[in-house]
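Let's take a walk through this structure together, one region at a time. Have your viewer ready and follow along as the residues come up.

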Amino acid sequence: TYTAQEFKDASTSLADLWISNGVIGFVPTTTTYDAGVVTAEQLSMVATESISGQYIRYRAGTADWTELRSEVPSAAIPLEPGPNTIQVWVTAPDRVTSATYTIEIRRGFSVIYDGNSSISGAAPVDSSTYLPAQTAVVLGPGTLANTTYTFVGWNTAADGSGTEFAEGTSITIGNSAVTLFAEWQVAAPTFSPAGGTYDGARTVAISSATPAASIRYTLDGSDPTPVDGTLGSSVEITETS
């Protein structure tokens, strides 16, 4: 049931329109809005009619139009990675005159840094939000510290089985947030006595601050590996080596 006055009124301006991810600076005479970049997977919105009797509908992308009651939040609207368009269609009480409000919003993603068993300090924080295909510059270790291991970079897997990234390199963002885990290497070995010139043979102790680290050494100039070289924590030096 409508009053005669409602059918005479041709106003299509909303009194207010906002989204759950933040205000859009609504002005009734402005029909297109850029809501910026968000990391949320979905949002809802509320439209307030300017006069009684307006008919309000909304849709995301090319989906079907859904009725939106004045001052009642919409159902959750999923956001696709990258650009999204949400439209609000208002029909005046005369059931003829209409207007459409358009909200452009982009879903982006964060780069998160995880200390991954660090002992102290804090991982760096990247406050930027990136759209798919954009690149982010990989940060340094921040104040992360581990007294028995040395920071050597970042990895997409906590166990080091993923892709490695060094500080200052670039990472391309896909359709999801990126978590980079700190990679820790056993502490560099120390030698006692230190390198130098000595009279007579010397027993050189080799140690690492990393608990239970295994040490392999060579005396022929080749690189030791986890399986090649002599396993031990001391070596008798009888000549220049």
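Which residue takes a positive phi in the hairpin of S8 and S9? Keep in mind as you look that the model is predicted. The residue to find is Arg95, with a phi near 65 degrees. The hairpin around Arg95 has six residues between the strands.

From that turn, follow the two strands themselves. Strand S8 covers residues 82-91, and strand S9 covers residues 98-107. S8 and S9 pair in the antiparallel sense, and ten bridges hold the pairing. To pick out one position in this pairing, select Trp89, which stands opposite Thr100 in S9. As background, strands of a sheet pair through backbone hydrogen bonds, and the pairing can be parallel or antiparallel.

Now zoom out to the sheet around this hairpin. It is an open sheet of five strands, and reading across it gives the order S2-S9-S8-S5-S6. The pairing is mixed. At the edges stand S2 (32-38) and S6 (66-67); each has a single partner strand, so one side of each is left without a neighbour in the sheet. For S2, the pairing with S9 is parallel and is made by five bridges. Two pairs help you line these strands up on screen: Asp34 has Glu104 as its bridge partner in S9, and Val38 has Arg107.

Next, look at a loop residue, Gln54. Gln54 sits between strand S4 (45-49) and strand S5 (55-60). Is Gln54 buried or exposed? Its relative accessible area is 9%, and since the cut-off for buried is under 20%, Gln54 counts as buried. The Gln54 side chain also has polar partners on the backbone. A polar atom of this side chain lies 3.1 Å from the backbone oxygen of Ser13, and the side chain reaches the backbone nitrogen of Ser50, again at 3.1 Å. Leaving aside residues up to four places away in sequence, Gln54 touches Ser11, Thr12, Ser13, Leu14, Glu49, Val90, Thr91 and Pro93.

Moving further along the chain, we come to strand S10, residues 111-114. In a regular strand, side chains alternate between the two faces of the sheet. S10 shows this alternation: Val111 and Tyr113 point to one face and are buried, whereas Ile112 and Asp114 point to the other and are not. S10 runs parallel to S15, and four bridges join them. Within that pairing, Tyr113 has Leu180 as its bridge partner in S15.

Strand S15 (178-186) also leads us to the largest pocket, because S15 is one of the strands that each supply at least two residues of the pocket's lining, along with S17 (202-207), S18 (216-217) and S20 (234-237). The pocket holds about 880 Å³ of space. How many residues line the largest pocket? There are 34, of which Phe191, Val204, Ile206, Tyr217 and Val235 lie nearest the centre. S17 gives the largest share of the lining, with three residues. By class, the lining has 19 nonpolar, twelve polar and three charged residues.

For another loop residue, select Pro193, between strand S16 (190-192) and S17. Pro193 counts as partly exposed, at 24% relative accessibility. Its contacts, not counting residues up to four places away in sequence, are Tyr198, Thr203 and Val204. Pro193 and Thr169 are 24 residues apart along the chain, and their C-alpha atoms are separated by 38 Å.

Let's finish with two threonines, Thr147 and Thr148. Thr147 is found in the loop between S11 and S12, and Thr148 has its place in the loop between strand S11 (135-137) and strand S12 (149-155). Which of these threonines is buried, with a relative accessible area of 19%? That is Thr148, while Thr147 counts as exposed at 69% relative accessibility. Setting aside residues up to four places away in sequence, Thr148 touches Ala187, Ala209, Thr210 and Pro211, and Thr147 touches Ile119 and Ala209. Thr147 also lies 8.7 Å from Ser120, C-alpha to C-alpha, with their positions 27 residues apart in sequence.

Technical notes
Residues numbered from 1 in each chain as written. Predicted model: local features only at pLDDT ≥ 70, side-chain atom pairs only at ≥ 80, totals over all residues. Heavy atoms only, no water. Pairing = 2+ DSSP bridges. Buried < 20%, exposed > 50% of the residue type's maximum accessible area, 1.4 Å probe, protein only. Polar contact = N/O pair within 3.5 Å; in protein donor to acceptor, adjacent residues only side chain to side chain. Contact = heavy atoms within 4.5 Å. 1 Å grid on protein atoms, 1.4 Å probe; cavity = no way out; pocket = protein on both sides within 12 Å on 5 of 7 lines; lining within 4 Å. Points joined across faces, edges and corners; volume = space filled by probe spheres on them. Nonpolar A, V, L, I, M, F, W, Y, C, P; charged D, E, K, R; others polar.
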